[in-house]
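Subject: Handover of a structure

Dear colleague,

Please find the structure below, together with its sequence. A summary of what was found in it follows.

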Amino acid sequence: MSKRKLAILGSTGSIGTQTLEVVELYPDHFSITVLSAGKNADLLIQQALKFKPAAVILCDQTAYEKVKQELAGKGIEVLFGEDALVDAMKRDDIDIVLTAVVGAAGLRPTVAAIESGKDIALANKETLVVAGELITSLVEKHQVKLLPVDSEHSAIFQCLAGEEANPIEKIILTASGGPFRGKTLNDLLQVTKAQALKHPNWTMGAKITIDSASLMNKGLEVIEAKWLFGLEYNQIDVIIHPQSIIHSLVQFQDGSLKAQLGLPDMKLPIQYALTYPQRFENNFKRFNFLDYPNLTFEQPDLQVFKNLKLAFQALEEGGNAPCVLNGANEVVVEAFLQDKVGFVQMSEVIEETLCQVKSQKTLSLEDYLQFDLESRTVARSLIERIK
């Protein structure tokens, strides 16, 4: 395997930092061309000095000024803004782009990278949720690889290796159930931000942790899976698996099931996406069945965790509905983290936003961006009424 040149979008987040840990294990196989971050100037400076990328890009003005000053004379270009990030994806010295930015902000740079012939290691599920039809058509047009990084989608991807001639009957995405598994709707009325941020199995950023607690993360993964694997909404199931050992399963038309198992550690799916189709030796902790003698499963409660139900409905409706769902969700999660809405109210705002934004089936990139903006505006207006 020749040395691959990487751009990591969102390098200071949970996935980004773990990606750099993987890269560090294989210095003969990977080099860093571009790192991007939002506001975490201090960590980006540390990463830049260690990995020596050609360029770093920030989306916060204050952070940009600090990084520019600290990296002056280091031979690293320091850039600012979304347009700079989009332009950077066109560089010739990038082979693969790992997109780990949070939310719909990953859409434009991902499109630019695909159009420039770059393979995509996708940890930013919102890109496919917002504009799955557009992204998959561009991937086909430009003949690039779209490699899933989410543990569930990586599991499906691994289960499908060598099965190209065998039709999928359905896939089963597993979910831990989050910190509120087994709770009633009344219980959720009392949920605090601190409680929602305590995931039982995974260490993640605040936004995805809240999404996991509400099961919206699983809903977004359902929509992402539709586009990654060319499925219909009724070919995707979700099952609660509290131990997070079976990361997901594929059922083929003969009834056979294939599952991918492992400890809950994101470095493994990150490594698989970066090294595909090879599997590199590593020293990650190994799974032992004797440590997990009981693997359990249960149905998700769609009446209590309404976000998952809304995601399935948006997928079935198609068009701009998933885009609207995602935009509203990003707004309500931010509001919840700022104590502006309650946990249950998040679902109420998302559902009402879906009702208020006009449905549209055929969309361009600009249409997706416009509906993303409109859904956020509607959701913020609804939150203001709650206050």
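Helices, at least four residues long, and strands, at least two, are DSSP runs numbered from the N terminus. With that in place, residues 6-132 are 44% helix and 22% strand, and the end C-alpha atoms of this span lie 23 Å apart. Please note that the model is predicted.

Annotated domains

The UniProt record, an unreviewed entry, assigns residues 6-132 to "domain: 1-deoxy-D-xylulose 5-phosphate reductoisomerase N-terminal". The same kind of annotation, also from an unreviewed entry, places "domain: DXP reductoisomerase C-terminal" at residues 261-377. Over residues 261-377 the chain is 56% helix and 1% strand, with 41 Å between the end C-alpha atoms.

The parallel sheet

An open sheet is built from 7 strands in the order E4-E3-E2-E1-E5-E6-E7, and the pairing is parallel. Strand E4 (77-80) and strand E7 (146-148) are the edge strands, each pairing on one side only. On average, neighbouring strands of this sheet are turned by 20° against each other, direction ignored.

Strand E1 (residues 4-9) runs parallel to strand E2 (residues 30-37), and 6 bridges join the two. Within this pairing, Lys5 has Ser31 of E2 as its bridge partner, and Leu6 has Ile32 of E2. The connection from E1 through helix H1 (residues 14-25) to E2 forms a right-handed β-α-β unit.

On to the next pair: E2 is joined to strand E3 (residues 55-58) by 4 bridges, again in a parallel arrangement. Here Ala37 has Leu58 of E3 as its bridge partner. E2, helix H2 (residues 41-51) and E3 likewise make a right-handed β-α-β unit. E2 itself is mostly covered, with 7 of its 8 residues buried.

Helix H12 (residues 267-275) packs on this sheet and touches E1, E2, strand E5 (96-99), strand E6 (119-122) and E7. The direction of H12 makes about 155° with that of E5.

The mixed sheet

In what order do the 4 strands of the mixed open sheet lie? The order is E9-E8-E10-E11. Strand E9 (236-240) and strand E11 (257-261) stand at the edges with a single partner strand each, so one side of each has no neighbour in the sheet. From one strand to the next, the twist averages 20°.

Strand E10 (residues 246-252) pairs with E11 in the antiparallel sense over 5 bridges. The bridge partner of Ser248 in E11 is Gln260.

Helix H11

Helix H11 (residues 216-229) lies across strand E8 (168-175) and E9, and runs at about 150° to E8. The 14 residues of H11 reach 20 Å from the first C-alpha to the last, close to the 20 Å expected at 1.5 Å a residue. Of these 14 residues, 13 are buried, so H11 is largely enclosed by the rest of the structure. Gly230, just after H11, takes a positive phi of about 65°.

Asp187

Asp187 belongs to helix H8 (residues 185-188). Is Asp187 buried, exposed or partly exposed? Buried requires under 20% relative accessible area and exposed over 50%; at 35% relative accessibility, Asp187 therefore counts as partly exposed. The C-alpha atoms of Asp187 and Ala54 are separated by 50 Å, and the two residues stand 133 residues apart along the chain.

Yours sincerely

Terms used
Residues numbered from 1 in each chain as written. Predicted model: local features only at pLDDT ≥ 70, side-chain atom pairs only at ≥ 80, totals over all residues. Heavy atoms only, no water. UniProt positions renumbered as here; feature names shortened; annotations may be inferred. Pairing = 2+ DSSP bridges. Axes fitted to C-alpha atoms, helices over the stretch in contact; angles between N-to-C directions. Contact = heavy atoms within 4.5 Å. Expected span 1.5 Å × (residues − 1). Buried < 20%, exposed > 50% of the residue type's maximum accessible area, 1.4 Å probe, protein only. Right-handed = clockwise from strand over helix to strand, strands pointing away.
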